[in-house]
Amino acid sequence: MKFLTITLKGVRNFEEKTIEFQDGLNIVCGPNESGKTTILDSLLFCITGDPRELNSLIQWKTEHSSINVQYETETTQVYTLTRTLYPEQKAKLENSVIMEDTDAISTVLQEHFGSTNKMILENSSVVKHNEMEVLRKMDSKEIVKEQMQVALSGSVERSTEDVIRVLERSIADLDLSLREVEYKREDLERRLNPYAGIDEEYSNLTNKIKVYQNDLKDYQEKYEAYTSRILYGDLTRDIKETCKRLEHIEDIESYSAAIPFGEVAEIETLQMELKRKEEGIESLISLIKEREKELGKAREGGFFTWVKSLFGKDVHAEKRISTQEDLLKSYKEDQYKLEREAEKIRARIKELNNQTSSYKGMRPEELNHIKERNQRKVEELLQGLTKEELVNSIYKKKDDADKLRSAIFRKHPELLEKEDQLIHHEKGNLEGKIGILEKEIEDAQLMLEDVTKRKQEKDRIQEELNRINAQKEELDTKKAVDQLVLDTIRSVYTDLKDLFIPQLEEKTGQILQKITRGKYNKISIRREDLAVFVEVPDRMLNVALLSQGTKDQLYFSLRIALSELLSGGRNLPLLFDESFYTSDEKRLRETIAVLQEIAQTTQVILFTHNEDFLEYGTPIILTPEREFHQLY
Amino acid sequence: MEPSEGIKTVTEAFKEKMTEQIENEPDEKRREILVKALNRGIELLEGEVI
């Protein structure tokens, strides 16, 4: 893998510039602020496309800003990657085909460079400012450890060891919290002991009250039925009595209506007439007697007259007697007539008397008196009502009674068959039972009040216990999760180390062999403390005992091996950004020698302000005006 | 140098191992814990939480 060219348009202080990179060692040289870091940043931006870098790269007030990088893969395929930064952001990757889809481009770049993650790229391909000097002062095992951390954790800020420590601390904290929670839980369970069975007690009591209340309701309902039955009986009797009253009234009214005022008046009239007739008869009898006496006298005086008449007629005497006889006859005829009439009157009176035998001898005034008395009696029986109202009241009572009867019949038909006395007796029993039940309910409710208070206290403690249990469960889960994470991370970390270290040993050994021209060809990393040893004939030599030059060679070997491992063997170009800023001349010469060795197989681009490097590779000179002078 | 397979990061290996366990876990409750563990581990490894 190597970079061929980079073209910057409207990027930071570059208007439009192209530089070409060669195989081997490229020396990009220029003073401070000449644009070295811009080129490095632009190379990395082109691969990552990280939008966070965008604003820092676009030139102030430019009309167009883009970066174009041409690179060649290990399989000698040449790709041209263009990223337009402004006025719009887009990417284009050209090979035999042109790709403009950013996701597809990213996938291809990931395949070519091993990663498009800036941090991974920096750690695999870039040796930062003064990094060599810093690393020289470090122990080799620290170098290996740090690089391993980057390689395996994918981060320099958060190493796997840090994560393991965080998890261990978290689990210890969770254990502490769990112990506290367990104490609280035990305390709450102790406080719950006195309330054992309170729920059952509460339940039994509430059920008991419910049963009592149901029984009471039944009794009260039955009691009401008995009351209705009694009311029904009373109403029935009342109706009967009222009907009797009505009958009585009607009897009285009939009786009053039957009082024979006319007959009695007729009798009185007839009696007066009879009396007159009888008096007439008496008078006639007297007259008849008188006439008969006179006739007798006449006849006595007449005897002589009669005798004389036998011998001669006495006309005056005979006339007198005849008159007397005619008169008597007339009297007798009158008497007979009167007697006949009297007889008829008597017969009528008798007939009338027979018709009004109950009122015999009564006078009309007395009859009126009877009528008035009956009227008073009727009023008394009506009790302030009219007869119509009394009749209506009977209808209403009958209607009420029917309703009552229906209601009783629906639920308690047996009550209709029972005697009133028995009903009263049983109602009394019900009253007794209701009283007892009401007392039982009252007592049970008092007990329930006490039990409820205790239950509430128990519920409060239980609620607290539930909360604590939930807290415990949450902590248990957190601990289980953290333990699982810890175990898994430890496991994969160990596995990766076991995989990584042998590969690192092998690759570092291969590179070291090349750059030391076979002097050293094998290294060993101790698993326990990651100390690095170099094989010399018959033994393994601790790297601390090596010369500084050999240490540098070893470091470069490690760095390149790590780059290989991180990039998946892609042999990425190595970019050195003022990496040897503080090195003295001797160190620089040693370093350059190593770089030249590395550059045999890997493209190296060294960004430096030091013109002394120019002679060791392909120079690319940057002036403060951003002019490039490439010398071949 | 011969090309070699790239070394996985701990995060990648952790994700793979946890995902495999989650996929093969028949117990739902245990699976929930595994999912929580996966998220927790990623958060820690990627530096999102301390």
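**Sheets, rings and odd backbone spots in chain A**

Reader: Let's start with strands β9(A) and β10(A): how many bridges join them?
Author: Keep in mind that this is a predicted model. Strand β10 covers residues 532-536 of chain A, and β9(A) runs antiparallel to it. One of the paired positions is A:Ser524, whose partner in β10(A) is A:Phe533. The number of bridges joining β9(A) to β10(A) is three.

Reader: Which strands are the edges of that sheet?
Author: It's an open sheet of three strands with antiparallel pairing, in the order β9-β10-β11 of chain A. An edge strand here pairs on one side only. That description fits residues 523-525 and residues 539-542 of chain A, which are β9 and β11.

Reader: And by how much are neighbouring strands of this sheet turned against each other on average?
Author: The strands to think about are the neighbours in the order β9-β10-β11 of chain A. Ignoring direction, the average turn between them is 35°.

Reader: Which helix lies across β9 and β10 of chain A?
Author: The helix in question runs at about 155° to β9(A). It spans residues 420-515 of chain A, and its label is α14.

Reader: Is A:Ser557 buried or exposed?
Author: A:Ser557 sits in helix α15, residues 548-567 of chain A. Setting aside neighbours within four places in sequence, it touches A:Thr508, A:Ile511, A:Leu512 and A:Ile515. Its relative accessible area is 0%, and the cut-off is under 20%, so A:Ser557 counts as buried.

Reader: Moving on to the six-stranded sheet, what is its strand order?
Author: This one is open too, and its pairing is antiparallel. The edges, each pairing on one side only, are β2 (14-20) and β7 (98-99) of chain A. Reading across chain A, the order is β2-β1-β4-β5-β6-β7.

Reader: Which residue in β2(A) is the bridge partner of A:Leu8?
Author: Strand β1 of chain A, residues 2-11, pairs with β2(A) over six bridges in the antiparallel sense. For A:Leu8, the partner in β2(A) is A:Lys17.

Reader: What angle does helix α1 of chain A make with β1(A)?
Author: Helix α1 covers residues 36-48 and packs on the sheet. Its contacts are with β1, β2, β4 (65-72) and β5 (78-86) of chain A. Comparing its direction with that of β1(A) gives about 105°.

Reader: Now the rings: what kind of pair do A:Tyr71 and A:Phe113 make?
Author: The two residues are 42 residues apart, with A:Tyr71 in strand β4 and A:Phe113 in helix α3 (residues 102-113) of chain A. Their ring centres are 5.0 Å apart. The planes meet at 65°, and over 60 degrees is the class wanted here, so the pair is edge-to-face.

Reader: Are A:Tyr71 and A:Phe113 buried or exposed?
Author: A:Tyr71 has a relative accessible area of 1%, while A:Phe113 comes in at 2%. Buried means under 20%, so A:Tyr71 and A:Phe113 are buried.

Reader: Which residues form an aromatic cluster with A:Tyr71 and A:Phe113?
Author: Over all chains there are four aromatic pairs. A:Tyr71 and A:Phe113 belong to one cluster, and its other members are A:Phe3 and A:Tyr79.

Reader: Over which ring does the charged end of A:Lys455 sit?
Author: The charged end lies 5.0 Å from the centre of that ring. The ring belongs to A:Tyr202.

Reader: How many disulfides does the whole structure have?
Author: There are buried cysteines to consider, including A:Cys29 at 3% relative accessible area and A:Cys46 at 1%. Still, the search over all chains gives a disulfide count of zero.

Reader: Where's a cis peptide bond, and what is its omega?
Author: Look at A:Pro87, in the loop between β5 and β6 (90-94) of chain A. The cis bond joins A:Tyr86 to A:Pro87, and omega is about 5°.

Reader: Which residue in the loop between β10 and β11 of chain A has a positive phi although it is not a glycine?
Author: For context, A:Arg12, in the loop between β1 and β2 of chain A, has a positive phi near 45° and is partly exposed at 24% relative accessibility. The residue you want has a phi of about 75°. At 84% relative accessibility it counts as exposed. Its name is A:Asp538.

Definitions and conventions:
Residues numbered from 1 in each chain as written. Chains lettered and ligands numbered in written order. Predicted model: local features only at pLDDT ≥ 70, side-chain atom pairs only at ≥ 80, totals over all residues. Heavy atoms only, no water. Pairing = 2+ DSSP bridges. Helix = DSSP H or I, 4+ residues; strand = E, 2+ residues; numbered from the N terminus. Contact = heavy atoms within 4.5 Å. Axes fitted to C-alpha atoms, helices over the stretch in contact; angles between N-to-C directions. Phe/Tyr/Trp six-rings, centres within 6.5 Å; stacked < 30°, edge-to-face > 60°. Buried < 20%, exposed > 50% of the residue type's maximum accessible area, 1.4 Å probe, protein only. Lys NZ or Arg CZ within 6 Å of the ring centre and 35° of its normal. Disulfide = S-S within 2.5 Å.
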